[in-house]
Amino acid sequence: MSSKLRLALVQLAVGKSKLDNVTRAVQKIKEAASEGAHLVALPECFNCPYGTQYFAEYAEPVPGESTEAIKEAAKENGVYVVGGSVPESDGGKFYNTCTVWGPKGDLLAKHRKVHLFDINVEGGICFRESDVLSPGNSYTTFDLPQCKVGIGICYDIRFAEMAQVYSKMGCKLLLYPGAFNMTTGPVHWELLQKGRALDNQVYVGTISPARDTSASYIAWGHSTLVNPWADVVATTEHEEGIVYADLDMDYVNKVRQMVPLGVQKRNDMYEIVSKK
């Protein structure tokens, strides 16, 4: 089995028409597949504008109309698809949910955003996902022929512990569909990707919506793939487009051999135990 994986990160232009958004996403999956991608990833909230005022309006069950379209696109094009995220309605609650589909149209995983985006940056941005959304409570992985992949959504990337668990579970690639903004994006977006990649010696991919300056929430863009040495392998600016990257899982092994953090960790030192 080849250790090489061709990844496509779809930086999608998202508007207020769910039908148009989903149709465009399906078209981009087809385009990425035609360029040889094995795995295609969509951005957070690929079917609707990002914002607490939109979540309930655009919410649907999972599987639902948006995720069913992604399922069919994966099947028709014979690729794996990480379906960014959609607002999910379930049992009277709303979640920010990512689905993962196999090349036969099988549902491989479903991840509900674990850490909700509640921040208040003075002079910058105030946002509270928890006003509408409920959090997920589980880790989410799926297996490709080349490697195991861990999934987080946007704010999940800020929590190093989550990425560490994924690394311990055997993941060599972490994907974070995310919509950072014009306050946190310029200073933290790439830095967080490099931190997660370097600490855990994994590839890290982030997938943003394209920037829409007329939107109430303006995304930073800059979808990016970082390697285990913390090098930016591929990236883009803020317009709609597809970022392609060729990953080699043998390189992950090489980095882990050169700097063997996994066997050097002092787990006996990391647990805080209170002494009476």
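Trp229, Met258 and Val259 make a nonpolar surface patch of about 280 Å². The model in which this patch appears is predicted. One member of the patch, valine 259, is in the loop that runs between helix H6 (249-258) and helix H7 (261-264). The points below treat this patch, a buried lysine, helix H5, some backbone features and the salt bridges.

**The nonpolar patch**

- The relative accessible area of valine 259 is 31%, so this residue is partly exposed.
- The partners of Val259 in the patch of about 280 Å² are Trp229 and Met258.

**Lysine 113**

- Lysine 113 is located in the loop between strand S6 (107-112) and strand S7 (118-120).
- Lysine 113 counts as buried because its relative accessibility is 1%, and buried means under 20%.
- The side chain of lysine 113 makes a polar contact of 3.0 Å with the side chain of glutamate 129.
- Leaving aside residues up to four places away in sequence, lysine 113 touches Glu44, Tyr50, Asn96, Glu129, Pro135, Gly136, Ile153, Cys154, Tyr155 and Asp156.

**Helix H5**

- Helix H5 covers residues 185-200, which is 16 residues.
- At 1.5 Å a residue, H5 should span 22 Å, and its end C-alpha atoms are indeed 22 Å apart, so the two values agree.
- The buried residues in H5 are Gly185, Trp189, Leu192, Gln193, Gly195, Arg196, Ala197 and Asn200.
- These buried residues of H5 pack against helix H4 (160-168), strand S11 (171-177), strand S12 (203-207), strand S13 (224-226) and H6.
- An α-helix has 3.6 residues a turn, so residues three or four places apart point the same way.

**Backbone features**

- Most residues other than glycine have a negative phi, and most peptide bonds are trans.
- Glutamine 201 is not a glycine, yet its phi is positive, at about 55°.
- Glutamine 201 comes just after H5, in the loop between H5 and S12.
- With a relative accessible area of 6%, glutamine 201 is buried.
- Histidine 222, also a residue other than glycine, has a positive phi near 60°.
- Histidine 222 belongs to the loop between S12 and S13, and at 15% relative accessibility it counts as buried.
- The peptide bond leading from valine 62 to proline 63 is cis, its omega being near 0°.
- Proline 63 sits in the loop between helix H2 (52-58) and helix H3 (65-77).

**Salt bridges**

- Side chains of opposite charge can pair when their charged atoms come close.
- The whole structure contains 17 salt bridges.
- One of them joins arginine 24 and glutamate 240, whose closest N and O atoms are 3.6 Å apart.
- Arginine 24 is in helix H1 (residues 18-34), while glutamate 240 is in the loop between strand S14 (232-235) and strand S15 (241-248), so this pair ties together parts that lie 216 residues apart in sequence.
- Both residues of this pair are partly exposed: arginine 24 has a relative accessibility of 26%, and glutamate 240 has one of 34%.
- Lysine 28 and glutamate 31 form another salt bridge, with 3.6 Å between the closest N and O atoms.
- Lysine 28 and glutamate 31 are about one helical turn apart because they are three residues apart in helix H1.
- Lysine 28 is buried, with a relative accessible area of 15%, whereas glutamate 31 is partly exposed at 37% relative accessibility.
- Arg24, Lys28, Glu31 and Glu240 are linked in a network of salt bridges.
- A further salt bridge connects aspartate 118 to arginine 128, with the closest N and O atoms 3.8 Å apart.
- Aspartate 118 lies in strand S7 and arginine 128 in strand S8 (residues 126-128), so this salt bridge ties together parts that are ten residues apart in sequence.
- Aspartate 118 has a relative accessible area of 27% and is partly exposed; arginine 128, at 42% relative accessibility, also counts as partly exposed.

Methods:
Residues are numbered from 1 along each chain as its sequence is written. This is a predicted model: local features need pLDDT of at least 70, side-chain atom pairs count only at pLDDT 80 or more; totals for chains, interfaces and linings use all residues. Side-chain values use heavy atoms; hydrogens and water are left out. Patches are made of residues with over 30% relative accessible area and no salt bridge: like charges are joined within 9 Å, nonpolar side chains (Val, Leu, Ile, Met, Phe, Trp, Tyr) within 5 Å. Accessible areas come from the Shrake-Rupley method with a 1.4 Å probe; for residues, only the protein chains shown count as cover. A salt bridge is a side-chain nitrogen of Lys or Arg within 4 Å of a carboxyl oxygen of Asp or Glu. Helices (H or I, at least four residues) and strands (E, at least two) are DSSP runs, numbered from the N terminus. Buried means under 20% relative accessible area, exposed over 50%, partly exposed in between (1.4 Å probe, protein chains only). A polar contact is a pair of N or O atoms within 3.5 Å; within protein, one must be able to donate a hydrogen and the other to accept it, and residues adjacent in sequence count only if both atoms are side-chain atoms. Contact means heavy atoms within 4.5 Å. The expected span of a helix is 1.5 Å times one less than its number of residues.
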